[in-house]
Every structure is written in C-alpha cells, then in structure tokens.
Amino acid sequence: MPVFPGLVPSDIYLPAAHVDPFKWAVVACDQFTSQPEYWEKVEKEVGDAPSTLRMILPEIYLNQAAANIPGIHSAMRRYLKTGVMEKKVTGGFVLTERTTDSGVRLGLIAAVDLNAYDYAPGAKPLIRATEGTIVERIPVRVRIREGALIESPHVMILIDDEGKTVIERAYARVKDKQPLYDTPLMMNGGHLRGWAIEDTDELNEIALALQALNVKSGGFLYAVGDGNHSLATAKACWTRLHAKLSAEEQETHPARYALSEIVNLHSDALVFEPIHRVLFGADMENMIAGFGAYLSKRGMALCEGGDICFLSAGGEKSVSISGSDGVLPVAILQPFLDEYLKAQKDIEIDYIHGEDAVRSICREGSSTGILLKSIDKKSLFPSIASEGVLPRKTFSMGEAWEKRYYMECRRIL
C-alpha cells in the first residue's frame, strides 16, 4: 500500500440506488445558525425520505442535543441495517466536483489521521487548525459523535498546491469515467458529482504527489479550512478511546481517522468570505463607544474607513482602526467582543455567513451587526506557519450555501 502523508484510503458508504440523492444531501450543520426558516424549508423538502438530515444536528438546535441524540444514532443504525446506505468504495477515496456560483470546486474525500492533527496553541503537526478552538464548544459535539456508528463529514481541509499536482491531476484522470453519483443539491447548493478512486495505479499517483507536496510544505501539509470544531471533536473522541485500546488496536481502529474533504487553496472556485457578527440585544452606539474606549487604552483609535461596518435597524457606520500596526481588524475586534459579552450578560452573539443575512437579521429586531472584510487566501499558510492560529471566525470558504453538503459516510465503530 502506498504511503499517503496524514491520511489513508478507506471504505466509503453512499446512499443506495433507490435513495434520492437530492433529499439525501443537506448542507453543513454549522450553517444558517440564526435562520430557523432555512432548516424548516429543508425539513419540508426532505419529508420522510432517507436523508443525512436525520444523522446530524443543525447547530441552531444544539441546545436540544439531549433530546435529539438518540434519534440521530437510531437513524444511523436503521440506515445501515435496511440498506439505505451501501459500501460503494473499498479501500479508496472519492473525487468530488462541486459546481456553485463561485465556479467548479474539486475535492478529495479521504480519512485523515487524527494522530497527525493537534489544535493546541503552539503545536506544529502535519494537520493544523486555522482558528482558535473554543474547548467549551466540544463536549456537546462529543456526545453526538460518541456512540455514532458512522460519520458524514463537513470538514474541509486545504492543501497549498499552487502547481495543482494532486487533486486536479486526479480529476483529469477520472472525469470521463462513470460517476458514483451525479445530482443537483437542494436550497441553492449547486450540483455535485463524485467518482471512486480505488485503482492501485491511481492511488499510487496521488500518494506520490502528496509526498512531493509534503516535502515542499516543510511539514505543514494540511490546514483545516472549515469544520475546525468538528475535527477537534473527532480528536477528543479518539483521545478518549485511544487510552482504552491495545497497541495493535490503536493502529487500526477506524475512530483514529476522520473523513474530510481535501481542497486545493488555489482553486479558482474557492473564495474566502468574511464571517460577520450579530449581537442580539446590543445597542450600536453603545458598542461603538465601548470599542473606542477599548482601543484608546491600547494606543489605538477609531477613524474613518471601511474595515469594519456596524449596523442596526437605525443605520450604519463604517470605521477603521488607526495605530494597529497591520494587525487584522478582526484580531483586535474579537477580544473586545469577548470582554463586552462578559460584561453584558443579556447579549448573545452569532457568527453569520453572508452580508445579506446580517442585514436581514438586523432589520427585524434590536440587534447590532458587524460586517468585516475577508483576508487574502494566499496569506493563510504563511500566517499560520509563522504566527499560529487566526482569531476564531476570521474567514469562511464561500457563502453558506456553498459549504460542503453531506454525502459520503464512513463507519467509525
């Protein structure tokens, strides 16, 4: 078997031929977290049909986890027992082609090695987090994953492959073959196709390309672009289980790995979007005044500009920060918001993908929105390598409806 740095070929399950893939695939659970109407429409679209919706918990309902977890685990068992899902790839990968408003994005679905991943500050593993991990957000996700028979990923991991030597070359070799699936996606999700990669020669080609890229990377081959907390959850579950296993079991247990989509940072269809903030119950003018006072104590000040836009039902105000010495505005803003929320116990925050969604939310109630600009994606790997993780919720890869849709599954028990 060829050596794949940080990942392994695996058995991959997909919906059986009698299952409608349009209703099977739903968007990542961490999207539309302040828009219940989105998930209500998904519920109506799915109806009683087999769907990954039954195997996930949209994070808008995370406070209802205890009531929902038994049903999630039951759906997994039922789908396996009744043939809703079937093993369609044996010891391999899936090459995906996703068509969205931003273009055609390619991906490689593979099981990544959690032993090669560490989100601890200062850690320099092969697979690295791109944003700070909030450990308080992990336990409820652990309760969902523990006891689950299968996983379906929304984690997207980036490689810095400017020469397009890995995924794009594999795509060129398989794109004219019969796909495993070929389906439109609900709720403006675009179109999705996928091909099995099981052939020994094809696997060897991918392994050699990844090995060469790893040498070039200096030991930082993968950056977690989406799903940081989901991968951290998988790591936490594996750490707990690892201690209970024999040395041989530790090497081969399926929970050592987490199914993810590997995407090339240099894909033209991969657009970095900012992640905005909405603070429910916050007064805009009071917040701006507080932010100004916070900056003043640190030798900075608000000035005219367009780096940060505060908005509410009553209007909006755009500002920049003087004296920041090139530090990302979000890296200054987020610590202020953390302090502000501690002092204002009745105010809640949500992180929103899409400017239109923020404006819609703020028009409807007494909330303050904060619109931010995105970072240059080419700076991601150098920034992480030299400075460590970025502030949490710094960027998003595409709009909310362009996020990964659940399709492939893998057994973890």
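I take a helix here to be a DSSP run of H or I, at least four residues long, numbered from the N terminus. I need that for the first pair below. The model is predicted.

**Entry 1. A pair within one helix**

I started with Arg-359 and Glu-355. They form a salt bridge, and their closest N and O atoms are 2.9 Å apart. Both sit in helix α11, residues 355-364. They are four residues apart, so about one helical turn separates them. An α-helix has 3.6 residues a turn, so residues three or four places apart point the same way. I then checked accessibility. Arg-359 is partly exposed, at 24% relative accessibility. Glu-355 is partly exposed too, with a relative accessible area of 38%. I also noted a network: salt bridges with shared partners join Asp-113, Glu-251 and Arg-256.

**Entry 2. Other salt bridges**

How many salt bridges does the structure hold? I find 17. I looked up two further pairs.

Arg-54 and Glu-43 meet through their side chains, at 2.8 Å from N to O. Arg-54 lies in the loop between α2 (36-46) and α3, and Glu-43 lies in helix α2, so the pair ties together parts 11 residues apart in sequence. Arg-54 counts as partly exposed at 24% relative accessibility. Glu-43 is partly exposed as well, at 38%.

Asp-226 and Lys-403 form the other pair, with the closest N and O atoms 2.9 Å apart. This pair links distant parts of the chain, 177 residues apart. Asp-226 is in strand β11, residues 222-226. Lys-403 is in the loop between β18 (395-397) and β19 (410-411). Are these two residues buried or exposed? Both Asp-226 and Lys-403 are buried.

**Entry 3. A buried glutamate without a salt bridge**

Next I went to Glu-131. It sits in the loop between β6 (127-129) and α4 (138-145). Glu-131 is buried, yet it has no salt bridge. Which side chain of opposite charge is nearest to Glu-131? It is Lys-393, at 4.8 Å. The cut-off for a salt bridge is 4 Å, so that distance does not qualify. The backbone of Lys-393 does come into play: its nitrogen lies 2.9 Å from a polar atom of the Glu-131 side chain. I listed the contacts of Glu-131, leaving out residues up to four places away in sequence. They include Asn-228, His-229, Val-389 and Leu-390. Pro-391, Arg-392, Lys-393 and Thr-394 are also touched by Glu-131.

**Entry 4. Helix α4**

I moved on to α4, the helix after that loop. It is mostly covered, with six of its eight residues buried. The buried ones are Ile-138, Val-140, Arg-141, Val-142, Ile-144 and Arg-145. What do they pack against? I see α3 (65-81), β7 (150-151), α7 (228-242) and β12. Gly-147 follows α4 and has a positive phi, near 90 degrees.

**Entry 5. Helix α5**

Helix α5 spans residues 167-174. Ile-167, Glu-168, Ala-170, Tyr-171 and Val-174 are buried there. Why do I place them on the same side of α5? Their arc around the axis is only 160 degrees, which puts them on that same side. The cover over these buried residues includes strands β3 (85-100), β4 (103-113) and β8 (156-159). It also includes β10 (190-197), α6 (200-217) and β12 (257-264). β12 also turned up as a packing partner of the buried residues of α4.

**Entry 6. Cysteines**

I looked for disulfides and found zero. A disulfide would need two cysteine sulfur atoms within 2.5 Å. The sulfur of Cys-303 is 14 Å from the closest cysteine sulfur, in Cys-309, which is too far for a bond. For Cys-309, the closest cysteine sulfur is in Cys-362, at 9.6 Å, again too far. Cys-303 is partly exposed, at 31% relative accessibility. Cys-309 is buried, at 9%.

**Entry 7. Asp-376**

Last, I looked up Asp-376. It is found in the loop between β17 (367-372) and α12 (380-387). A polar atom of its side chain lies 3.1 Å from the backbone nitrogen of Lys-378. I also took one long distance. Asp-376 and Leu-241 are 39 Å apart in space, C-alpha to C-alpha, and 135 residues apart in sequence.

Methods: Residues numbered from 1 in each chain as written. Predicted model: local features only at pLDDT ≥ 70, side-chain atom pairs only at ≥ 80, totals over all residues. Heavy atoms only, no water. Buried < 20%, exposed > 50% of the residue type's maximum accessible area, 1.4 Å probe, protein only. Helix = DSSP H or I, 4+ residues; strand = E, 2+ residues; numbered from the N terminus. Lys, Arg positive; Asp, Glu negative; His and termini not counted. Polar contact = N/O pair within 3.5 Å; in protein donor to acceptor, adjacent residues only side chain to side chain. Contact = heavy atoms within 4.5 Å. Arc of directions from axis to C-beta.
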